[in-house]
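Let's take a walk through this one together. We'll begin with the charges, move on to the overall build, and finish at a single residue.

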Amino acid sequence: MERQTFEQYIELYDEQIATIRQAAHDLHDSVNQTYGNDLPYGYHLDMVVQGIRDFGHLVCATPDDVLPLFFGGYYHDSIEDARQTYNDTMKTARKYMTEEQALMATEIVYALTNEKGRTRAERAGEKYYQGIRQTPYAPFVKLCDRLANITFSCSGTDATNRHMREVYKSEVPHFLSAINPHSDDPRLLVPHEVVMKLAECLLDDLEREEQNQSAWWYEY
């Protein structure tokens, strides 16, 4: 979809998007979830959706997919972190969209919900990534989620931020490979433009100069 066309539909659905945003913020506030040291979790949700605003035109196949994309961004952690079930999420999505759109939106959220596990690796294992690869728009929304987390970790200077920056940096090659189905379906794309934003955040100028053409960001 052309960027201008995508932006026109965002404007057309502005009221619905704003309502979805507020409902998602309120949901995470209701379970006292925060982001970073003391930010409301809505701060993270807004960062994820900013990625959708900036790059959604690269993957959005039809106007009917705009609202599911935004809902997926705002609600992507609702099952994992806000005590919602699949049916709860579907019920909420139906308030704003048709049945078909609500199903697409809920499937995005479900795909981005971590598995049960004791470690970070167990929670994001092969079954988890397989679900992302098979679900329209899930690779893109997950990429926007990771971009938001990386941007935040790179903007801070405390020990937690520095640690997470290195964690994300070490995970990127596997992460990009795991979410990418290498499909011709635009709804399953992992846009190179977003991958480059990850590189800009994680690597300083010297590191980029030292990398060769086989570096991970050139593969997507």
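A quick definition before we start: when we talk about charges here, Lys and Arg count as positive, Asp and Glu count as negative, and His and the chain ends are left out. Keep in mind, too, that you're looking at a predicted model. By that way of counting, the chain carries 21 positive and 36 negative charges, and the mean positions of the two groups sit 7 Å apart.

Now for the overall build. The chain's secondary structure adds up to 13 helices and 2 strands. Its radius of gyration is 17 Å, close to the 17 Å that the globule rule gives for 220 residues, so the chain is as compact as a globular protein of that length. If you draw a box around the C-alpha atoms along the principal axes, you get roughly 50 × 40 × 30 Å.

What about the inside and the outside? Of the 220 residues, 47% are buried. The accessible surface comes to about 11200 Å², and carbon and sulfur atoms account for 46% of that. As for who touches whom, take the contacts between residues at least 6 apart in sequence: 69% of them join residues at least 24 apart.

Finally, let's zoom in on Asn161, which you'll find in helix H11, spanning residues 159-179. Is Asn161 buried or exposed? Buried means under 20% relative accessible area, and Asn161 has 9% relative accessibility, so it counts as buried. Leaving aside residues up to four places away in sequence, Asn161 touches Phe152, Ser153 and Gly156. Glu193, by contrast, is 32 residues from Asn161 in sequence and 24 Å from it in space, going C-alpha to C-alpha.

Note on methods:
Residues numbered from 1 in each chain as written. Predicted model: local features only at pLDDT ≥ 70, side-chain atom pairs only at ≥ 80, totals over all residues. Heavy atoms only, no water. Helix = DSSP H or I, 4+ residues; strand = E, 2+ residues; numbered from the N terminus. Rg over C-alpha atoms; globule rule 2.2 N^0.38 Å. Buried < 20%, exposed > 50% of the residue type's maximum accessible area, 1.4 Å probe, protein only. Contact = heavy atoms within 4.5 Å. Areas by Shrake-Rupley, 256 points an atom, 1.4 Å probe, with all protein chains shown as cover. Charge placed at Lys NZ, Arg CZ, Asp CG, Glu CD.
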